[in-house]
Amino acid sequence: MFNLSAPHPYIPSKLNKLHLLLIPILLVGILLRFYHLGTWSFWVDEVLTVLDAKRISMEQFRINAIPYLAVKFSMSIAGENEWGARLIPCIVGIVSILLVFMIGRSLFNQRVGIFASTFVAFSSWHLLWSQNARHYIFTFFFGALAAWTFFLALERNRLRLLVVSLGATILLILCHMPSGLIVPAFAGYVVGFWRGKIFPEQPAGLRLRNLVIFFLPLGAPLLLLALPSFRDALFSGWGLNEWARSPFYILFTVVHGLSVPVAVAAFFTALTRPMNRGMWFLICYAGIPFILLLIASQLLNVAGYYIFFTAPAYFLLAAIGCDRIWAAKHNPIMLRCILPGVIIITMLSQVYIYFHVENGGRAKWREAFSTIQLDLRAGDLVVASIPQVGEHYLREGETIALEGVMDDIDRFEQMWKSKGQRVWFVLDAVTLNVLDADEQFQRRVRRQSRLIRTHPVSARAKNRTINVYLADFQK
């Protein structure tokens, strides 16, 4: 039987001083997450979050309510700028490092907790979302909390822990609706005990009463899918998969985000034996939402980072693999250091690239609109892929959507000529790769405009460059 209090046969027991290593790990995590916190420009989705958060009241409920309220509160105490909007997400990211340590220690041992928390602290993916006024770092935290308390509730037959898990799961879904895929992961773990197919001995808390208490409140809202208004709200913004996010693209996003060594270590650890209930739970937590997201990608516009809430499972599985190698005392210490060393060195290199090459993984929207602000005149028009970004960064001037202009460019040009307007074009490569794949619109802009400034960024295998053009239609 899986015993939470006793060490596994492949793990040595004298680990009680390892928790001292958590102090420097947390310090590094804190320094990395506060470093350049306010330097990076908002990216498009952050701007939308900030604008929505400023407009809503604290009493207003909406989809993804938790991060909007958190960002609103963050700005109220730290200012309506990049640093202020990201303060609360940054703190949540730091706390989640400690949470992963606690999960690894309680489910396995202190060394697994140390390895896993180190991987989280050094992860550029976790760092990105910790420095982001978006919901993903909240899904990481609440996903880890919900998973941890659900597992312990079944192991120890503790109703209070089950209620905490239920509450954390609800908060997780209120952070980002697709994170509800964690519920099938929990269900898959439970089904694994049916007729002893995977483990002959069940957890003490695997009882019908507990399952009803947890799953019934989460399943009841599915009845709302019968309402068209609920379906429209649920799938708003997803649309068809016009961004061509294939299963391969989603796989690449997850592997690149975790880092190749972590992804490989987690995968092979999941295949190794001995297998216990803790590992089986992590496999369900990591694998089932990923498979379901790949299926959904054939129908909806979903992205790999939607399952960032499962990242704790991958970090923990990789940590278990490192721990098993470390526990093999017959191997020389240099050999036992190879896997954790490769993981940490790879992560540190990604962190260096994040800060010094990729501009924090963001396009330079603030810099692009600052270029316009220097020469913006009364009556000037700004065309941008997301006009709300211009609304946020420009103090004056009218900003209209790029897609609408592209749909009827001849009419717009006639109107601009008749009014004698100057028109600024803020064109980012990511959007144009989708909306203007044949580059016809870009060639037209280049013919009739002059390039004012290029703001180059290449991040996460994408060209995120923004070009600023000025077309002068004055008579």
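## Cysteines, a nonpolar patch and an open sheet

The structure contains zero disulfides. It is a predicted model. A disulfide is a covalent bond between the sulfur atoms of two cysteines.

The table lists relative accessible areas for two cysteines and one tryptophan.

| Residue | Relative accessible area | Class |
|---|---|---|
| C284 | 3% | buried |
| C322 | 0% | buried |
| W83 | 36% | partly exposed |

C284 and C322 count as buried because their values, 3% and 0%, are under 20%. W83 has 36%, which lies between 20% and 50%, so W83 is classed as partly exposed.

W83 is located in helix α4. This tryptophan also belongs to a nonpolar surface patch of about 690 Å². The other residues of the patch are L20, I23, L27, I30, F34, I91 and V95. Two helices, α1 (22-34) and α4 (82-107), each contribute at least two residues to the patch. Helix α1 gives the largest share, with four residues.

The model also has an open sheet of five strands. In what order do the strands of the sheet lie? The order is β2-β1-β3-β7-β4, and the pairing is mixed. At the edges stand β2 (398-401) and β4 (450-455); each has a single partner strand, so one side of each has no neighbour in the sheet. From one strand to the next, the twist averages 20°.

Edge strand β4 is joined by five bridges to β7 (residues 466-472), and the two strands run antiparallel. R453 is placed opposite V468, a residue of β7.

Methods. Residues are numbered from 1 along each chain as its sequence is written. This is a predicted model: local features need pLDDT of at least 70, side-chain atom pairs count only at pLDDT 80 or more; totals for chains, interfaces and linings use all residues. Side-chain values use heavy atoms; hydrogens and water are left out. A disulfide is a pair of cysteine sulfur atoms within 2.5 Å. Buried means under 20% relative accessible area, exposed over 50%, partly exposed in between (1.4 Å probe, protein chains only). Patches are made of residues with over 30% relative accessible area and no salt bridge: like charges are joined within 9 Å, nonpolar side chains (Val, Leu, Ile, Met, Phe, Trp, Tyr) within 5 Å. Accessible areas come from the Shrake-Rupley method with a 1.4 Å probe; for residues, only the protein chains shown count as cover. A salt bridge is a side-chain nitrogen of Lys or Arg within 4 Å of a carboxyl oxygen of Asp or Glu. Two strands pair if DSSP finds at least two bridges between them. Axes are lines fitted to C-alpha atoms, for helices over the stretch in contact, and angles run from 0 to 180 degrees between N-to-C directions.
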